[in-house]
Amino acid sequence: MAEGKQSKPLVAFIYLGRRGALGQFTLQLAQAAAQLDDYNFDFIISSNNELADDFEKQGLAVTKIDTFDRATPFSLMVSFPAARRALLEKFSKRPPIAAVTLMPHVWSPLLAPSIKKLGTKYLTVIHDAVPHPGDVTAWTTRWLTSDARHADLVVTLSRSVAERIIDKRLVEPGSVFPLFHPDLLYEENPTSRELPESRAMRILFFGRIMAYKGLPLLIDAIEMLKNRCVPIELGLAGSGDLGPERERLEKLGADVVNRWIGDNEISGILRGYDAMACSHIEASQSGVACAAFGSAMPVVAMPVGGIAEQVVEGKTGVLARRITPSAFAEATHRLATVPDLFESISRSLDETSKERSTHRFLRELVSEIDSLVRIASD
């Protein structure tokens, strides 16, 4: 390695997940890191990540760690020693000044102490402080959030999660750094949208179907609007059990794609709709809202958790005034009918995209790492 490059501080980012929005988040972070000259970066990813091949195209150091295809107790136990050894061998050759876990993996609380023994500052991004109702993986939340106890700094993607972490006394308040969830970009050069006058407004429920995302409530709201002859069409794209809502969706004439949606499909799906529905009854923050923002798509949302920070009335979307079907219906109706509201929000999303960019996220994070390292060396 060239002497100049070797002299730059090294920051490592770790994401051991296999698929989902955090893969895109991490890839965009790698793209932003490729344009930041003051540091060297290393990305530690799972060899099972569905975007693994795309990382190497960014011109950055990428280390692939073998994890597992399916998270069974046997695979978790058998695969861990080799993965831990590979990671520590990598870091031992040149310890980074900081290692940032972008989302805790089931192995993260076991890896963190060994990373810190190298003299590396350890940061973890905690996405959820409490389990989500109806999430089949919710039982792991307590274990995953325990990664915060090992961290020199806990990063959150909303003030809401930061406050919950402090309330739960996982760490001291001064060790929590609230940032924001950057926009997720699934298309190049998105532009602002206009709401067509020739057809009904199309609103999308996107992502895995779980109780806390409020699909029944959304369907109630759309039924109310249909009964009032408001021109509105609903679509759904995502995996999960629809249960009794399947028949209701059919009666509404909803366009339903009930399966896992690959990253290469997302852009086309987003372009087929006008607005995104975040009908959550509980939330930390929403990656779905960030995918909509990255496509200059207004969001209709409930005023819950970090979503109420992301969705700014009249700027990035519209917020229901209460967590009820009628309030969500009223917010949706407002977006569809108030003159120029839809177009104004979409323009605002386009014009303010840099404020929610991965580049800004990275700059603010690295600045905080600098302060953390400087304090430790004083």
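**Stop 1: A200**

Select A200 in this predicted model. A200 sits in the loop that links strand 7 to strand 8 (201–206). Is A200 buried or exposed? Its relative accessible area is 13%. The cut-off for buried is under 20%, so A200 counts as buried.

Now show what touches A200. Skip the neighbours within four places in sequence, and A200 is in contact with P231, I232, E233 and D274. Next, add T120 to the selection. T120 is 80 residues from A200 along the chain. Draw a line between the two C-alpha atoms, and the distance reads 55 Å.

**Stop 2: the whole chain**

Zoom out. The protein chain holds 15 helices and 13 strands. Its radius of gyration is 21 Å, close to the 21 Å that the globule rule gives for 378 residues, so the chain is as compact as a globular protein of that length. Turn the C-alpha trace along its principal axes: the spans are about 65 × 45 × 40 Å.

How much of the chain is buried? Of the 378 residues, 54% count as buried. Contacts also reach across the sequence. Take the contacts with a separation of 6 or more: residues 24 or more positions apart account for 67% of them.

**Stop 3: the open sheet**

Colour the strands. Seven of them form an open sheet, and their pairing is parallel. Backbone hydrogen bonds are what pair the strands of a sheet. In which order do the strands lie? Read across: 3-2-1-4-5-6-7. Strand 3 (61–65) and strand 7 (176–178) stand at the edges. Each has a single partner strand, so one side of each is left without a neighbour in the sheet. Look along the sheet to see the twist, which averages 20 degrees from one strand to the next.

Select strand 1 (residues 10–15) and strand 4 (residues 98–101). These two run parallel, joined by four bridges. Find I14, then look opposite: T101 in strand 4 is there.

Add helix 2 (residues 21–33). Helix 2 packs on the sheet and touches strand 1 and strand 2 (40–46). The directions of helix 2 and strand 2 make an angle of about 160 degrees.

**Stop 4: aromatic rings**

Show the aromatic side chains. The count of aromatic pairs comes to six. One of them is F13 with F41, a stacked pair. The centres are 6.0 Å apart, with 20 degrees between the planes. F13 belongs to strand 1 and F41 to strand 2, so the pair ties together parts that are 28 residues apart in sequence. Both rings belong to buried residues, F13 and F41.

Keep F13 and F41 selected, and add Y39 and F43. Ring pairs link these four, F13, Y39, F41 and F43, into a cluster.

For another ring, go to Y273. The charged end of R202 sits over the Y273 ring, 4.4 Å from its centre.

**Stop 5: helix 7**

Select helix 7 (residues 159–167). Helix 7 lies across strand 5 (121–126), strand 6 (153–156) and strand 7. Its direction runs at about 165 degrees to strand 7.

Which residues of helix 7 are buried? Pick out S160, V161, A162 and I165. What do these buried residues pack against? Their partners are strand 5, strand 6, strand 7 and helix 12 (307–310).

Step just past the end of helix 7 to R169. There R169 takes a positive phi of about 60 degrees.

Technical notes:
Residues numbered from 1 in each chain as written. Predicted model: local features only at pLDDT ≥ 70, side-chain atom pairs only at ≥ 80, totals over all residues. Heavy atoms only, no water. Pairing = 2+ DSSP bridges. Axes fitted to C-alpha atoms, helices over the stretch in contact; angles between N-to-C directions. Contact = heavy atoms within 4.5 Å. Phe/Tyr/Trp six-rings, centres within 6.5 Å; stacked < 30°, edge-to-face > 60°. Buried < 20%, exposed > 50% of the residue type's maximum accessible area, 1.4 Å probe, protein only. Lys NZ or Arg CZ within 6 Å of the ring centre and 35° of its normal. Rg over C-alpha atoms; globule rule 2.2 N^0.38 Å.
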